Amino acid sequence: MLLAGGELSGAPNDVAAGDAEEAGQLLCEVAGRLLGLSGAVRADARFGESGGSSVLAARLGFELKRLGWHLPTEALLRSDATMASEAL
């Protein structure tokens, strides 16, 4: 699950319903850039099937954290996880 306010020292907040679309779009855009795609990853895409690896998952997590969001690396590596499911 993508969480807002990803400071390690503070407890992050769950993404509010109104922010879920923004979170999903951000996740897909950043993932697409890190995967070297010309645009965002589709929301129904699986990170690993899109070319993602554990190293890229860690980089994605770091990039999202820099933008104020938190997504555990292991969430991206689950075989059943889609980009949309992790943004909710």
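Among the contacts in this chain between residues at least 6 apart in sequence, 59% join residues at least 24 apart. The model that shows these contacts is a predicted one, and its chain contains four helices and three strands, which follow one another from the N terminus in the order β-β-α-α-β-α-α. Of the 88 residues in the chain, 39% are buried, while the accessible surface of the chain comes to about 5,000 Å², with 53% of that area belonging to carbon and sulfur atoms.

Before looking at single residues, it helps to consider the confidence of the prediction. The mean pLDDT of the chain is 77, and 77% of the residues reach 70 or more. Among the elements, α2 has the highest mean pLDDT, at 90, whereas strand β2, residues 13–14, has the lowest, at 48. Over residues 6–15 the pLDDT stays under 50, although the model has 19 contacts beyond four places in sequence for this stretch. Where pLDDT is low, the predicted coordinates should not be read in detail.

From here the interior can be followed. The largest nonpolar core of the model has 20 residues, and those with the most contacts inside it are F47, L60, L64, L76 and M83. At least two residues of this core come from each of α1 (17–34), α2 (54–66) and α3 (73–77), and the largest share, seven residues, is supplied by α1. One of the core residues named above, M83, can serve as a point of entry: with its neighbours within four places in sequence left aside, M83 is in contact with L27, C28, A31, V41, R42, A43, A45, F47 and L76.

R42, which appears among those partners of M83, is placed in the loop between α1 and α2. Is R42 buried or exposed? Its relative accessible area is 58%, and because a residue counts as exposed over 50%, R42 is exposed. Apart from residues up to four places away in sequence, R42 touches C28 and M83, and its side chain also makes a polar contact, at 2.8 Å, with the side chain of D44. The C-alpha atom of R42 is separated by 9.7 Å from that of A31, a residue eleven places away along the chain.

A contrasting case is E63, which lies in helix α2. With a relative accessible area of 15%, E63 is buried, since the limit for that class is under 20%. Not counting residues up to four places away in sequence, E63 touches V30 and R33.

Note on methods: Residues numbered from 1 in each chain as written. Predicted model: local features only at pLDDT ≥ 70, side-chain atom pairs only at ≥ 80, totals over all residues. Heavy atoms only, no water. Core = buried A, V, L, I, M, F, W, Y, C linked by side-chain atoms within 4.5 Å. Buried < 20%, exposed > 50% of the residue type's maximum accessible area, 1.4 Å probe, protein only. Contact = heavy atoms within 4.5 Å. Polar contact = N/O pair within 3.5 Å; in protein donor to acceptor, adjacent residues only side chain to side chain. pLDDT = per-residue confidence, 0-100. Areas by Shrake-Rupley, 256 points an atom, 1.4 Å probe, with all protein chains shown as cover.
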